[in-house]
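Q: Please take a close look at one part of this structure, a helix with the strands around it, and describe how that part is held in place by its contacts and charged pairs. A connected account would serve me better than a list.

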Amino acid sequence: MINPGRLDRGYEKYASEYEEKALEVLRSGWYVLGKEVEAFEKEFASYIGSRYSAGVANGLDALSLAFRALGIGEGDEVIVQANTYIASVMGITMNGATPVFVEPDEYFGIDPKEVEAAVTERTKAVLAVHLYGLSCDMEKITGICKKHGLKLVEDCAQSHGSKFNGQMTGTFADIGCFSFYPSKNLGCFGDGGAVVTDNEEYLKKIKMLRNYGSAKRYYNDEVGVNSRLDELQAGLLRVKLGHLDELNEERDRIAKAYLEGIKNPAVTLPRIREGCNHTWHQFVIRCGTRDELMEYLKKKEIGTIIHYPVPPHLQKAYGCLNKKKGDFPISEAMADEVLSLPMYNGMTGEEIKTVIDAINSFKGA
Ligand SMILES: *Cc1c(COP(=O)(O)O)cnc(C)c1O
């Protein structure tokens, strides 16, 4: 069985480096908020091209703390694309703010025309999600935010190393939010996350909030949370960050093989926005008979995943928003048609060929 997102091969690539670092941290006697986190924050900010970075416990916390630091809460609206992972939306609603859904463009990114049309007096921010590893149209999005005086947050949980017109995702916004969940392009070995920003006030606020609202030990200015990146994850992330470009190049080679090899009229291949590099967090095809294709591949021992079968506005968790099927037809059609093909570091040429041949032999219904 080809497991669509196996992680052991990626670990094996640099196993001795990870193991050496893990032992170093274990033997150091210091496990939370120490020199590994500080060093990682510096190195990550420098890689992204931001002035500052702060490690947090996961990507959801990065988002919720970002909106909190921006002062967004009850009564405020945040515009977000309807075709995203539910964590993007939870980052908004955890602060009491209201998500205003809009449709994506053909590249799965938030559609600037839709954003412009959704702005009201209550709109405080836009959340751009660089879904699957491809940047949203940041030129248009930043323009709209400037014009209407809106804050901008980027959900970069799937876009470590993705650029728009040569500029790294995460640097367009007031605050960029990253997840280091194991399956992400820069994944750690447990949970982890970070924010990046050029604004010192936002940085200070998030560093204070992540540690019980305390900037000075045992003096608490606000009711914060416990959301810290630990030393072990930070150390392992430093090792992986040093290889992130190679890891992304490997994903790009797999994607190129798919793009050249897959020739089946029943399947629509992903397209790359002009001026962007795709980091292929997921290689997502569309197929009108997706469920049949998924079943067909499964019979051929090829695992695939749907990212995501139910859009947030149709989830039970968001019944309170009173949305119904048909409200966001483009996002809903994506949920019915998308399929993520196997994509992982260490994928062999033979495995890639097996996937390509299987898809090419599928007869659409
Ligand atoms: C993974 C992910 C998150 C959440 O990250 P966690 O670390 O799992 O909390 C948020 N947004 C998107 C788009 C994601 O893919």
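A: Glu337 has a relative accessible area of 25% and is therefore partly exposed in this model, which is a predicted one. The side chain of Glu337 meets that of Arg286 in a salt bridge, with 3.0 Å from N to O. The two residues stand 51 positions apart, Glu337 in helix α12 and Arg286 in strand β13, and the pair thus links distant parts of the chain. Arg286, for its part, counts as partly exposed at 22% relative accessibility.

Helix α12, which covers residues 329-337, has Ser331, Glu332, Met334 and Ala335 among its residues, and these four are buried. Viewed down the axis of α12, the buried residues fall within an arc of 155 degrees, so they line one face of the helix. The elements against which these buried residues pack are β13 (283-287), α11 (290-299) and β14 (338-341). Strand β13 therefore appears twice in this account, since it holds Arg286, the partner of Glu337, and also packs against the buried residues of α12.

The strands in question belong to an open sheet of 3 strands, ordered β12-β13-β14 and paired antiparallel. Its edge strands, each pairing on one side only, are β12 (267-268) and β14. Between β12 and β13, which run antiparallel, there are 2 bridges, and Val267 stands opposite Cys287 of β13. Helix α11 packs on this sheet and touches β12, β13 and β14, with a direction that makes about 25 degrees with that of β14.

The charged pair of α12 and β13 can be set beside others, for a search of the whole structure finds 25 salt bridges. In one of them, the side chains of Glu222 and Lys205 meet at 2.8 Å, N to O. Glu222 lies in the loop between β11 (219-220) and α9 (231-241), while Lys205 lies in helix α8 (residues 200-209), so this pair ties together parts that are 17 residues apart in sequence. Glu222 counts as partly exposed at 26% relative accessibility, and Lys205 is partly exposed as well, with a relative accessible area of 28%.

Another pair, Glu24 and Lys21, forms a salt bridge of 3.5 Å, N to O, within a single helix: the two residues are 3 apart in α2 (residues 15-28), and about one helical turn separates them. Lys21 is buried, with a relative accessible area of 12%, whereas Glu24, at 40% relative accessibility, counts as partly exposed. Both residues take part in a network of salt bridges that links Lys21, Glu24, Lys35, Glu36, Glu43 and Arg238.

As for the nonpolar interior, the largest nonpolar core has 64 residues, of which Leu127, Ile175 and Tyr258 touch the most other members. Helix α4 (residues 59-69) supplies the largest share of this core, 6 residues. Apart from this core lies another, of 21 residues, which includes Ala118, Val126, Ala128 and Cys276.

Technical notes:
Residues numbered from 1 in each chain as written. Predicted model: local features only at pLDDT ≥ 70, side-chain atom pairs only at ≥ 80, totals over all residues. Heavy atoms only, no water. Buried < 20%, exposed > 50% of the residue type's maximum accessible area, 1.4 Å probe, protein only. Arc of directions from axis to C-beta. Contact = heavy atoms within 4.5 Å. Core = buried A, V, L, I, M, F, W, Y, C linked by side-chain atoms within 4.5 Å. Salt bridge = Lys/Arg side-chain N within 4 Å of Asp/Glu carboxyl O. Pairing = 2+ DSSP bridges. Axes fitted to C-alpha atoms, helices over the stretch in contact; angles between N-to-C directions.
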